Structure formats: C-alpha cells, structure tokens
Amino acid sequence: MKSVIQDAETRMKKSVAALISDFNTIRTGRASAALFDKIRVDYYGQSTPLSQVATISIPEARLVVIQPWDKGILNEIEKAIQKSELSVNPNNDGKVLRINIPPLTEERRKELVKVAKNTAEQGRVAIRNIRRDANDELKKMEKKHEITEDDEKKGAEDIQKLTDSYIKEINSHLENKEKEIMEI
C-alpha cells in the first residue's frame with residue numbers, strides 16, 4: 001500500500017514540476033531566459049535547444065542578450081526566435097542578438113492569463129488522473145486480499161490528502177503567475 005501512495009506522490013511531484021516548467025515559458029512583461037527554453041535552432045542539421053548553442057543574459061528588466069558560441073549560427077538563432085510564439089524582433093549586430101521585450105498590452109495579458117489557467121487546469125487533471133490510478137490499484141490489491149478493506153479506505157484517504165495538497169500547490173503557482181503577467 002505504501003508503494004502505491006509513494007508512487008502517486010512521485011508522479012504528482014513530476015506533474016507540478018512540468019507545470020512550473022510550462023509556466024516559465026509563458027511570457028510576462030519582464031525579460032527572462034526561461035522564455036527561450038522551448039526555442040530550438042538548426043545547428044549543423046540538428047535541432048538543438050537555444051541554451052546549448054548560446055549564452056542568454058538579462059542585463060536589464062526588458063532586454064535579453066543572446067551571444068552564440070559559434071558566430072556562424074547567429075542568423076539561424078534570429079530566424080528561430082522570429083518563428084517562435086514570443087512575438088519579439090531581435091536586433092542582430094553581427095556578434096550578439098539584442099531583444100527588447102515590449103510591455104504587454106492589456107488584451108495580450110488577458111490572453112496569457114487564459115493560457116496560464118488552461119495550463120494549470122491540465123496540471124489539475126493530471127493530478128486527478130494519478131489519484132484515480134492509485135485508487136484503482138488499491139482496489140485491485142484489496143480484491144486480491146493483499147490488503148484489508150480498512151487499509152484500502154485509509155490509503156484512499158491518504159491519496160485524497162495528497163491530491164488536495166498538490167492541487168492547492170498548482171493553484172498557488174497559478175495565482176503567482178497571474179500576478180506576474182498582470183503587473184505593468
């Protein structure tokens with residue numbers, strides 16, 4: 001029974017970590033290296049994460065500087081950023097890319113909040129699916145007489161407490177992300 005609960009908790013932690021990673025790629029009004037986490041660059045025929053071919057620095061609140069280790073891929077990086085969903089235009093000076101992060105419009109902020117809420121809901125659904133899987137596993141164990149009916153009920157209660165705590169954590173992350181998106 002403990003292994004079922006531990007497995008559920010491990011999977012819930014991974015779901016929350018994935019949610020946080022997804023939240024990091026949602027643009028806010030501030031510059032952040034995490035905005036570029038999902039951007040991939042064609043590097044010698046390989047689709048490579050931007051962070052593996054360049055240094056990304058944030059010298060000011062609304063400025064990102066990307067310095068490739070191989071100057072030959074500067075144009076590839078510029079194309080990849082322009083194709084991305086970030087809606088930013090890099091300035092190429094031949095050595096580095098400078099990207100000014102414009103302030104978000106009110107309309108765009110509201111769209112991004114909707115995206116964040118949708119992402120959080122997907123996280124909550126994942127947590128509830130893990131709860132369902134764990135409860136099913138406990139019921140199977142009880143049917144096979146590996147655990148008692150009382151143990152199965154106690155396990156289900158423990159799993160529900162875990163579910164509640166991780167959903168609360170997701171809601172907290174969502175609240176923080178909403179504040180971050182809406183700040184001017």
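These legends describe close-up views of one predicted model.

**View 1. The largest pocket.**
The largest pocket holds about 370 Å³ of space. It is lined by 16 residues. Closest to its centre are Thr25, Ile26, Lys38, Glu85 and Leu86. Which helix gives the largest share of the lining? Helix H3, residues 106-143, does so with 4 residues. Sorted by class, the lining has 7 nonpolar, 3 polar and 6 charged residues. How can such a space be found at all? A probe the size of a water molecule is rolled over the atoms, and this shows where empty space is left.

**View 2. A sheet of 4 strands.**
The sheet is open, and its strands pair in an antiparallel way. Their order is S3-S4-S6-S5. Which strands form the edges? They are strand S3 (54-60) and strand S5 (91-92). Each edge strand pairs on one side only. Helix H2, residues 74-83, packs on this sheet. H2 touches S3, S4, S5 and S6. The direction of H2 makes about 20° with that of S6.

**View 3. Strand S6 and its partners.**
Strand S6 covers residues 97-100. It runs antiparallel to strand S4, residues 63-68, and 4 bridges join the two. Ile66 stands opposite Leu97 in S6. Leu63 has Asn100 as its bridge partner in S6. S5 is also joined to S6, by 2 bridges, and this pair is antiparallel too. Here Asn91 has Arg98 in S6 as its bridge partner. Which residues of S6 lie on its covered face? They are Leu97 and Ile99. Arg98 and Asn100 make up the uncovered face.

**View 4. The hairpin of S5 and S6.**
Between the two strands of this hairpin there are 4 residues. One residue to look for is Gly94, which takes a positive phi near 95°. Val96 also lies in the loop between S5 and S6. Is Val96 buried or exposed? Its relative accessibility is 9%, so Val96 counts as buried. Apart from neighbours within four places in sequence, Val96 is in contact with Val65, Ile66, Gln67, Leu74 and Asn91. Now find Pro68. Val96 and Pro68 are 28 residues apart along the chain. Their C-alpha atoms are separated by 6.9 Å.

**View 5. Two loop residues with positive phi.**
Neither Tyr44 nor His145 is a glycine. Tyr44 has a positive phi of about 50°. Where is Tyr44 found? It sits in the loop between strand S1 (40-43) and strand S2 (46-49). Tyr44 counts as exposed because its relative accessibility is 69%. For His145, phi is positive and near 65°. His145 is placed in the loop between H3 and helix H4 (149-182). With a relative accessible area of 71%, His145 is exposed.

**View 6. Ser15 in helix H1.**
Helix H1 spans residues 2-24, and Ser15 is found in it. Why does Ser15 count as buried? Its relative accessible area is 16%, and buried means under 20%. Which residues does Ser15 contact, leaving aside neighbours within four places in sequence? They are Ala126, Ile127 and Ile130.

**View 7. Asn135 and Arg132 in helix H3.**
Helix H3 holds both Asn135 and Arg132. Start with Asn135. It counts as buried because its relative accessibility is 18%. Asn135 touches Ala156 and Ile159, not counting residues up to four places away in sequence. Now turn to Arg132. It is partly exposed, with a relative accessible area of 45%. How far is Arg132 from Asn89 in space? The two are 45 Å apart, C-alpha to C-alpha. In sequence, Arg132 and Asn89 are 43 residues apart.

Key
Residues are numbered from 1 along each chain as its sequence is written. This is a predicted model: local features need pLDDT of at least 70, side-chain atom pairs count only at pLDDT 80 or more; totals for chains, interfaces and linings use all residues. Side-chain values use heavy atoms; hydrogens and water are left out. On a 1 Å grid over the protein atoms alone, a cavity is a set of points where a 1.4 Å probe fits but cannot get out, and a pocket is an open set with protein on both sides within 12 Å along at least five of seven lines; lining residues have an atom within 4 Å of a point. Grid points are joined across faces, edges and corners, and a volume is the space filled by probe spheres set on the points. Ala, Val, Leu, Ile, Met, Phe, Trp, Tyr, Cys and Pro count as nonpolar, Asp, Glu, Lys and Arg as charged, and the others, Gly among them, as polar. Two strands pair if DSSP finds at least two bridges between them. Contact means heavy atoms within 4.5 Å. Axes are lines fitted to C-alpha atoms, for helices over the stretch in contact, and angles run from 0 to 180 degrees between N-to-C directions. Buried means under 20% relative accessible area, exposed over 50%, partly exposed in between (1.4 Å probe, protein chains only).
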